[in-house]
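Dear colleague,

I am handing over the structure we spoke about, and below it you will find my notes on what turned up in it. Please read them with the model open beside you.

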Amino acid sequence: MAIRKGVLGRGLDALLPSAPHAVLGTQPGTHAAATELPIDAISPNPQQPRRVFADADLDSLADSIRRHGVLQPVVVREAPAGAARPYELVVGERRWRASQRAGRSTIPATIQNITPQALLEVALVENVQRRDLNPIELALAFRALADAGRTQEEIGQQVGLERPTIANHLRLLDLPKEAQEDVECGRLGIGHAKALLQIANPERRRWLRDRILAEQLSVRAAEDL
């Protein structure tokens with residue numbers, strides 16, 4: 001179930017509007033440079049598939065931002081009416097979080113017309129491109145797209161993965177919560193998870209999971225058991 005490098009469906013360029021318009025009055029249909037937006041005017045993407053942001057990685061990026069600034073603008077959209085903040089993040093949550101840690105009050109951003117339905121898809125493709133999602137985060141994002149009416153084939157075409165890979169990730173969500181957390185944190189690998197999924201009995205599945213963790217079993221040893 002490894003993610004193939006360099007194969008990402010249509011990519012972000014196809015998902016994002018080709019003509020971003022900035023807050024300085026540029027009309028749709030013309031290109032515009034990014035503008036500085038107040039960081040506290042932006043809310044995180046509610047459809048962000050990434051759930052784990054490592055403190056060490058954010059600290060390292062924050063240090064780079066202090067030294068060199070934010071080299072690539074984030075992408076935002078206008079928030080829905082009644083939202084707490086005027087803008088909603090679409091792409092670039094790591095940069096947004098790290099900029100806050102770096103003590104910045106503003107961040108370069110482009111404002112684009114992204115529909116609510118496209119928020120998850122854009123964020124998912126960005127994270128797949130950066131190889132930032134763990135298997136459970138991918139599985140949850142694929143399930144959300146499936147719940148929105150996408151077939152496994154369509155999801156695979158969008159993110160550049162074969163349909164069986166999508167199906168195998170979705171099967172991870174059949175694991176009990178504790179095993180999902182093990183995969184998400186790296187205590188269990190994908191191979192271990194596939195071995196666990198071969199066992200229908202919950203008690204036997206829990207027994208094997210405990211054996212794998214206690215004895216640091218290899219995937220082959222787990223499959224043999």
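How many aromatic pairs does a search of the whole structure find? The search finds zero, where rings of Phe, Tyr and Trp (its six-membered ring) would pair if their centres lay within 6.5 Å, counting as stacked with planes under 30 degrees apart, as edge-to-face over 60 and as tilted for the rest.

Before the rest, two cautions on the source. This is a predicted model, in which local features need pLDDT of at least 70 and side-chain atom pairs count only at pLDDT 80 or more, while totals for chains, interfaces and linings use all residues. Residues are numbered from 1 along each chain as its sequence is written, and side-chain values use heavy atoms, with hydrogens and water left out.

The sheet is a good place to begin. Five strands (strands being DSSP runs of E, at least two residues, and helices runs of H or I, at least four, both numbered from the N terminus) form an open sheet in the order 1-5-3-4-2, with mixed pairing; two strands pair if DSSP finds at least two bridges between them. Its edges are strand 1 and strand 2 (42–43), each of which pairs on one side only. Helix 3 (residues 93–101) packs on this sheet, touching strands 2, 3, 4 (87–91) and 5, and its direction makes about 120° with that of strand 4; such angles run from 0 to 180 degrees between N-to-C directions, with axes fitted to C-alpha atoms, for helices over the stretch in contact.

Strand 5 (residues 106–111) is largely enclosed by the rest of the structure, because five of its six residues are buried, that is, under 20% relative accessible area with a 1.4 Å probe, protein chains only. Strand 5 pairs with strand 1 (residues 35–38) in the antiparallel sense over four bridges, and with strand 3 (residues 74–78) in the parallel sense over three. Alanine 109 stands opposite threonine 35 and also opposite valine 74, while proline 108 stands opposite glutamate 36.

Turning to the helices, the axes of helix 5 (residues 135–147) and helix 8 (residues 177–185) come within 7 Å and cross at roughly 115°. Pro135, Ile136 and Glu137 of helix 5 meet Gln180, Val183 and Glu184 of helix 8, contact meaning heavy atoms within 4.5 Å. The buried residues of helix 8 pack against helix 5, helix 9 (190–197) and helix 10 (202–215), and just after helix 8, glycine 186 takes a positive phi of about 90°.

With best wishes

Methods:
Buried means under 20% relative accessible area, exposed over 50%, partly exposed in between (1.4 Å probe, protein chains only).
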